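Me: I am new to this structure and would like a close look at a single part of it. Could you pick one helix and walk me through it and its surroundings?

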Amino acid sequence: MLKFAANLSMLYTEWLFIERFAQAAQDGFKGVECLFPYVEPAQRLKAELQAYDLQQVLFNTPAGDWVAGERGLACLPGRQIECLDGVKKALDYALVLGTQHIHLMAGIPADDVEFELLQAQYLDTVAKAADLAAGAGVTILLEPINPLNMPGYFLRTQAQAHQVVDLLQRENIKVQMDLFHCQRTEGNVATKLAEYLPSGCVGHIQIAGAPERHEPDTGELNYVYIFEQLLQLDYQGWIACEYNPQGHTREGLGWLQAWRQREQQLLAPQ
């Protein structure tokens, strides 16, 4: 069966962040992720996870000054020490929460910085982050983000992310494949899943309807087809629901209930 996780930064926003764990568990989720967990002490979050039998499957390392528009530091010249300090903070949380994947955001560089300089900085920072994470048994994830929703972001395509994985040759560096971003930037989502999943280099998948980023049963992607493909490809990782509900979160979960019924039919003995 496919494993779905609720993104608590985007779902259940009708409740305070600390209350969302209980709501996700009530709807049958076994995993949760969020953008940044640092607003709460790690031990308090651990207590919520334990109380509701949830796994914290992913969160981001600190991304710089978010309010000022920063979206990660990994490719930014002169910011490596700050970036790696953030990785250390994330690893401290990961060890308490039992999280095995953290997302390292690449950043939005200034327009006048040459790509070669940014690439060299990015490769060096990702490698050092992965070396720090290896001691904690944590995998660093790299997520391509589409330039329509996040203009100027350094890591944009699946091929670019997989090139980094290939160049660095660390077992604990993988790609975070957000199908919403993939569709917005490149399309051919099913083809890219078939291309990249067999390599074992995709560590996490996220979903949302495209192009509006609402529930997966809205927009131009056929997620029933995609879920069937993930079953056929024997994808064992988490699929995180990272979308903006059109209304109340719980009222928009009909797509998940419908898929579970379809999945039972597909997996039933013939």
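Reply: Here is a tour of one helix, the loop that leads into it, and a few other places worth finding.

A word on the model: it is predicted, so local features need pLDDT of at least 70 and side-chain atom pairs count only at pLDDT 80 or more, while totals for chains, interfaces and linings use all residues. Residues are numbered from 1 along each chain as its sequence is written, and side-chain values use heavy atoms, with hydrogens and water left out.

Let us start with helix α8, which covers residues 223-232. Helices (H or I, at least four residues) and strands (E, at least two) are DSSP runs, numbered from the N terminus. Tyr 223, Ile 226, Phe 227, Glu 228, Gln 229 and Leu 230 are buried in α8; buried means under 20% relative accessible area, exposed over 50%, and partly exposed in between, with a 1.4 Å probe and protein chains only. The cover over these buried residues includes the strands β1 (3-7), β7 (202-207) and β8 (238-241). It also includes the helices α6 (179-185), α7 (189-196) and α9 (254-267). Contact here means heavy atoms within 4.5 Å.

Now look at the two ends of α8. At its start, a side-chain oxygen of Asn 222 comes to within 3.3 Å of the backbone nitrogen of Val 224. That is a polar contact: a pair of N or O atoms within 3.5 Å, where within protein one must be able to donate a hydrogen and the other to accept it, and residues adjacent in sequence count only if both atoms are side-chain atoms. Just after α8, Asp 234 has a positive phi of about 60°.

Next, step back into the loop between β7 and α8, where you will find Pro 211. The peptide bond that joins Ala 210 to Pro 211 is cis, with omega near 10°. Arg 213 lies in the loop between β7 and α8 too. Although Arg 213 is not a glycine, its phi is positive, at about 65°, and with 15% relative accessibility this residue counts as buried.

Arg 213 also leads us to the largest pocket, whose volume is about 250 Å³. Among the 19 residues that line this pocket, Leu 35, Ile 145, Met 150, Arg 213 and Glu 242 are the closest to its centre. A pocket is found on a 1 Å grid over the protein atoms alone: whereas a cavity is a set of points where a 1.4 Å probe fits but cannot get out, a pocket is an open set with protein on both sides within 12 Å along at least five of seven lines, and lining residues have an atom within 4 Å of a point. Grid points are joined across faces, edges and corners, and the volume is the space filled by probe spheres set on the points.

For another positive phi, turn to Gln 169 in the loop between α5 (158-168) and β6 (173-178). Its phi is near 50°, and Gln 169 is a residue other than glycine. Buried or exposed, which is Gln 169? Gln 169 is exposed, with a relative accessible area of 63%.

One last stop takes us back to α9, where Ala 258 is found. Ala 258 is partly exposed, at 43% relative accessibility. From Ala 258 to Ala 51 the separation is 207 residues in sequence and 28 Å in space, C-alpha to C-alpha.
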